[in-house]
Amino acid sequence: MAVENVSVVFKLYCLTVMTLVAATYTVALRYTRTISTGALYYSTTAVCITEVIKLFLSLGMLTKETGSPYRLKSALMEHVFCSPKELLKLSVPSVVYAIQNNMAFLALSNLDAAVYQVTYQLKIPCTALCTVLMLNRSLTRLQWFSVFMLCGGVTLVQWKPGESTKVQVEQNPFVGFVAIAIAVLCSGFAGVYFEKVLKSSDTSLWVRNIQMYLSGIVVTLIGVFLNDGQRVLENGFFFGYTPWVCFVVLLASMGGLYTSVVVKYTDNIMKGFSAAAAIVLSTVASVLLFGLHITIPFASGALLVCVSIYLYGLPKSDTTKLTREESDKESKQKLINV
């Protein structure tokens, strides 16, 4: 997908907002699961509410795209209510994303925000592998090198992660790492699957989002019933909700939209800087809020991850121009010989 020509100021705005959303979401979610006083809310309900908000946001964007209520109704009738096969197709990433989002809550209940932010970058090699297998694309040698570098950096971070002195709840780092591993696998597969569905037809992005979020609401409601059904019946769906929890839900809902904007208007290098900046911000916030003690392996691993993200996002060298120049030289040489 080609990057649209927009002003540098707008690109910086997109980059700044995306970075702040990613870092703030991680830190705020960690705060609500470990530091925030009061009864602990049910994470399954938060994931469900996020899907509902995403659905209404996508409906708003589709309304703007179609330009009239009649066209909006026609699009919904054609692609949503009269297309059960398409809804079933989009239920696959819905299930996977629901698992991923629930795993994020579990991971941040057991790992520091900075450790989570660094380790979660394993989604890059996972996405790369899914891209090669599912979309038949190829990676350059530099990209493969950056993938191995990233894995090495995450290994360093997990080898001796920093400890948070202000977190009083019981934590299990192994459970947190397993949760991140599952979330990473889900992120890589669902992202590539959704991209493949998008490129298989000319259907609007917002229509596809609506199809996916409708399935997502059903899937997450089933998750609420299976995991917290009895407690929700006793205490209520919004038990334990505070302004901070509502803030986390809002950030999770807005994050997907800003990701689409960043993909549309910026390039891979800027996205790499955004991910690296989010790691730095999460680390600083963890030191201030959770008393994180940064170790040398953690700092070294985080640096390796940031560098690998930058290298992975570098544009592929365009060899077509060089090939054309070489062929022109050969033609001229043949003429001279003649």
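Modeller: First, some vocabulary: buried means under 20% relative accessible area, exposed means over 50%, and partly exposed is in between (1.4 Å probe, protein chains only). You're looking at a predicted model, where local features need pLDDT of at least 70 and side-chain atom pairs count only at pLDDT 80 or more, while totals for chains, interfaces and linings use all residues. Residues are numbered from 1 along each chain as its sequence is written, and side-chain values use heavy atoms, with hydrogens and water left out.

Biologist: What pLDDT does the protein average?

Modeller: pLDDT is the predictor's confidence in each residue, from 0 to 100. Here 83% of the residues score at least 70. The protein's average is 82.

Biologist: And where is the pLDDT below 50?

Modeller: Where pLDDT is low, you shouldn't read the predicted coordinates in detail. The stretch you're asking about has zero contacts (heavy atoms within 4.5 Å) in the model beyond near neighbours in sequence. It covers residues 318-323.

Biologist: Which residues touch the most other members of the largest nonpolar core?

Modeller: A nonpolar core is a set of buried Ala, Val, Leu, Ile, Met, Phe, Trp, Tyr and Cys residues joined through side-chain atoms within 4.5 Å. The largest one has 46 residues. Those touching the most other members are Phe105, Tyr116, Val118, Leu150, Val305 and Ile309.

Biologist: How far apart are the ring centres of tyrosine 31 and tryptophan 244?

Modeller: Rings of Phe, Tyr and Trp (its six-membered ring) pair if their centres lie within 6.5 Å; planes under 30 degrees apart count as stacked, over 60 as edge-to-face and the rest as tilted. This pair is tilted, with 50 degrees between the planes. Tyrosine 31 sits in helix α1 and tryptophan 244 in helix α10, 213 residues apart, yet centre to centre the rings are 5.2 Å.

Biologist: Why does tyrosine 31 count as partly exposed?

Modeller: Partly exposed is the label in between buried and exposed. Tyrosine 31 gets it because its relative accessibility is 24%.

Biologist: Why is the pair of phenylalanine 238 and tyrosine 241 edge-to-face?

Modeller: Their ring centres are 5.3 Å apart. The pair is edge-to-face because the planes are at 80 degrees.

Biologist: Which ring does the charged end of arginine 33 sit over?

Modeller: A charge sits over a ring if NZ of Lys or CZ of Arg is within 6 Å of the ring centre and within 35 degrees of the ring normal. For arginine 33, the charged end is 4.9 Å from the ring's centre. That ring belongs to tyrosine 41.

Terms used
Helix = DSSP H or I, 4+ residues; strand = E, 2+ residues; numbered from the N terminus.
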